[in-house]
Amino acid sequence: MTLAERDESAASPPTIDADERARRRARRLERVGKWVLPVLVMALALLAWDRIVVWNDIPHYTLPGPGLVFRTLIEDWAILFDALLVTLQITLLALLVAVLGGVGLAVLFTQSRWMEMSFYPYAVILQVTPVVAIAPLIFIYVDSRIAGLLICAWLVAFFPVLSNTTLGLNSADHNLRDLFRIYGATRWQRLRFLQLPSALPYFLGGLRIAGGLSLIGAVVAEYVAGTGGIGSGLAFRILEAGYRLNIPRMFAALILIAATGVLIFAALSLLSHLMLRKWHESAMTRER
Amino acid sequence: MPSEPARQAAPAPSGAAAARPPLLRMQGVDKVFNGDVVALKGMSLDVREGDFISLLGPSGCGKSTALRLLAGLSHPSRGRIAWDGGQEEGDLGVVFQEPTLMPWATVAQNIWLPLRLRGKSYAAVKDEVLEALRLVGLEKFQTAYPRELSGGMKMRVSIARALVTRPRLVLMDEPFAALDEITRFRLNDDLLALRDKIGCTVVFVTHSVFESVFLSDRIVVMAARPGRVIRELAVDAPYPRTDAFRTSAEYAAYCRDASDALHAAMGDAA
Ligand SMILES: Nc1ncnc2c1ncn2[C@@H]1O[C@H](COP(=O)(O)OP(=O)(O)OP(=O)(O)O)[C@@H](O)[C@H]1O
Ligand SMILES: [Mg+2]
């Protein structure tokens, strides 16, 4: 049937009508515009920023120009990069623990209604309580600073993983569930061959949100922790620079944080695409 | 024992069918949902080795419910269902209205599933999987993903999966209802050819009078509210059935019979 269809479409010469031409032009435009337009906006904004600073003689301790910020980024690279590594470490560790905790809890919840009924409300409570409100307490009871930061970042990041994965595990096709029952699948087989694969797209969606949140969690926790010295992250560098009115460095650190966030998001999006591209609708490029 | 009014109303099955050994027996089964929705009332059905039974009836008459009971997916509120001599692993294959394939797995992996759930590695059952694929004519597509297949091909994969364990009984719930007529005719032909080769028993749910007459040797006509069997028709035309049967006067006569019975069933419900 479709075998013949396939051969046909492969053999027939490519005919390009007006519609197809228009579609290709639109696609090309979109592909270029997706990258060029944001860069253009960025360039214009930088130019405007620079002109405003120069024309109004704004002192650099009030608003540094983009050039100065860029120079600071390079000159202070050693300090800032060390700080970036610390923040990144906390973020990634928190994300890892969020994934383990979130997926683990989700699996536990779907295996046992009792567990879910007992603990789900507390997961929600942890999620809705602002981390800045809990963080000071955590730093009182947890001696290790790293551990404290990690806990805070984890608190912010784990919920999307938990709730998305739970939703995914429960959304396995009902007929497939019946089929597994007919073939006498064990609980473990059902989890491994049916529920986990069904949950994958949902989990990856939650992971992308959690990636951003764990960075936010790490930064916020560092503000609250506040102590400096060796092993302090970007947030502390911003605070410190603020006290010293080193505004250019504040901007430089801010840029690094934002870039890190974008990078994490892009990396997780790529991961998601790679894992789903073979079979999931969300990762498919369809001819329009 | 519960009474069996439906069975008394049904004519005795013809000679050949009656001589076959029993496979599965449904006796005076009621199924009630939520305490007051009577989906089935006093349903009895003898499934014999080699039967091709169609359950024919209007929407909501409990066909799917009956099939789920036969599959052991739910339990009767009253009456009993038993396999003659007990049911063994792999005795049962099921095909649903949707192909119900795992989208993340290739065609071959999907067909492997029933055997995989019995702890068989792919290497150990590769031949069975490929044989099942060959039966439905899709051997070239073993590494394709379901989304790359047409609706008819997906249904073939679903059938191959049901057959891979060489089941004694295959239950099918309107498997071709969502397909276009041309594809459906082809799959009807192929299904009969398959059954010829494998010799399994089939219980087939359908809305279509024509499909039921073409495929089956027994048609069980059901009525709704409450769901019950109102007639059993024997289609005594010999297998293999070909296109010549589809255009024969015999076929038309059986269709008329079945259609009348179906109308009676729907009149009953109104
Ligand atoms: N799980 C359930 N809970 C409550 N009621 C149900 C359930 N399953 C089926 N029913 C009811 O039982 C009756 C028979 O349903 P069933 O699905 O068996 O009909 P059907 O003959 O397969 O119909 P169709 O041809 O539309 O598929 C219907 O009235 C339906 O509402
Ligand atoms: Mg149904």
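**Cavities, sheets and the chain interface**

Q: What gives the most to the lining of the largest cavity?
A: In this predicted model, H7(B) contributes four residues to the lining of the largest cavity, and no element gives more. The elements that give two or more residues there are H6, E6 and helix H7 (181-198) of chain B. Among the lining residues are Ile159(B), Leu163(B), Val170(B), Met172(B) and Leu191(B).

Q: Why is the space of about 60 Å³ called a cavity?
A: A cavity is a set of points where a 1.4 Å probe fits but cannot get out. The space of about 60 Å³ is the largest one found under that rule, and is therefore called a cavity. Two cavities of 30 Å³ or more are counted; the second largest holds about 50 Å³.

Q: What makes nine residues of the lining of the largest cavity nonpolar?
A: Leu, Ile, Val, Met and Cys are among the residue types that count as nonpolar, whereas Arg counts as charged. The lining of the largest cavity includes Ile198(B), Cys200(B) and Val202(B), and also Arg195(B). By class the lining has nine nonpolar, no polar and one charged residues.

Q: Which residues line the second largest cavity, and how do they divide by class?
A: Leu135(B), Val136(B), Arg156(B), Ile159(B), Leu187(B), Asp190(B), Leu191(B) and Leu194(B) form this lining. Arg and Asp count as charged, and the lining has six nonpolar, no polar and two charged residues. H7(B) supplies the largest share, four residues.

Q: Why are E1(B) and E4(B) said to pair?
A: Two strands pair if there are at least two bridges between them. Strand E1 (residues 22-33) of chain B and E4(B) are joined by five bridges in the antiparallel sense, and therefore meet the condition. Arg25(B) stands opposite Ala82(B) in E4(B).

Q: What makes E2 and E4 of chain B the edge strands?
A: The order of the open, antiparallel sheet is E2-E1-E4 (chain B). Strand E2 (37-48) and strand E4 (78-83) each pair on one side only. The twist from one strand to the next averages 15 degrees. Helix H3 (residues 63-71) of chain B lies across E1, E2 and E4, at about 125 degrees to E1(B).

Q: How do you know that E3(B) and E8(B) pair?
A: At least two bridges are required, and four bridges join strand E3 (residues 52-56) to strand E8 (residues 218-223) of chain B, which run parallel. Ile53(B) has Arg218(B) as its bridge partner in E8(B). Both strands belong to an open, mixed sheet in the order E5-E6-E7-E3-E8-E9 (chain B). Its edge strands are E5 (92-95) and E9 (228-234).

Q: Which residues of chain B lose the most area to chain A?
A: Chain B and chain A bury about 2,600 Å² between them, 66% of it on carbon and sulfur atoms. In chain B, the largest losses fall on Trp104(B), Leu117(B) and Arg147(B), together 28% of what that side buries. By contact, 31 residues of chain B meet 23 residues of chain A.

Q: Which residues lie closest to the centre of the second largest pocket?
A: They are Asp173(A), Trp279(A), Leu101(B), Pro103(B) and Trp104(B), of 21 lining residues. The pocket has a volume of about 440 Å³, and H9(A) gives the largest share of its lining, four residues. The lining divides into 11 nonpolar, five polar and five charged residues.

Key: Residues numbered from 1 in each chain as written. Chains lettered and ligands numbered in written order. Predicted model: local features only at pLDDT ≥ 70, side-chain atom pairs only at ≥ 80, totals over all residues. Heavy atoms only, no water. Axes fitted to C-alpha atoms, helices over the stretch in contact; angles between N-to-C directions. Contact = heavy atoms within 4.5 Å. 1 Å grid on protein atoms, 1.4 Å probe; cavity = no way out; pocket = protein on both sides within 12 Å on 5 of 7 lines; lining within 4 Å. Points joined across faces, edges and corners; volume = space filled by probe spheres on them. Buried area = accessible area lost by both parts, 1.4 Å probe.
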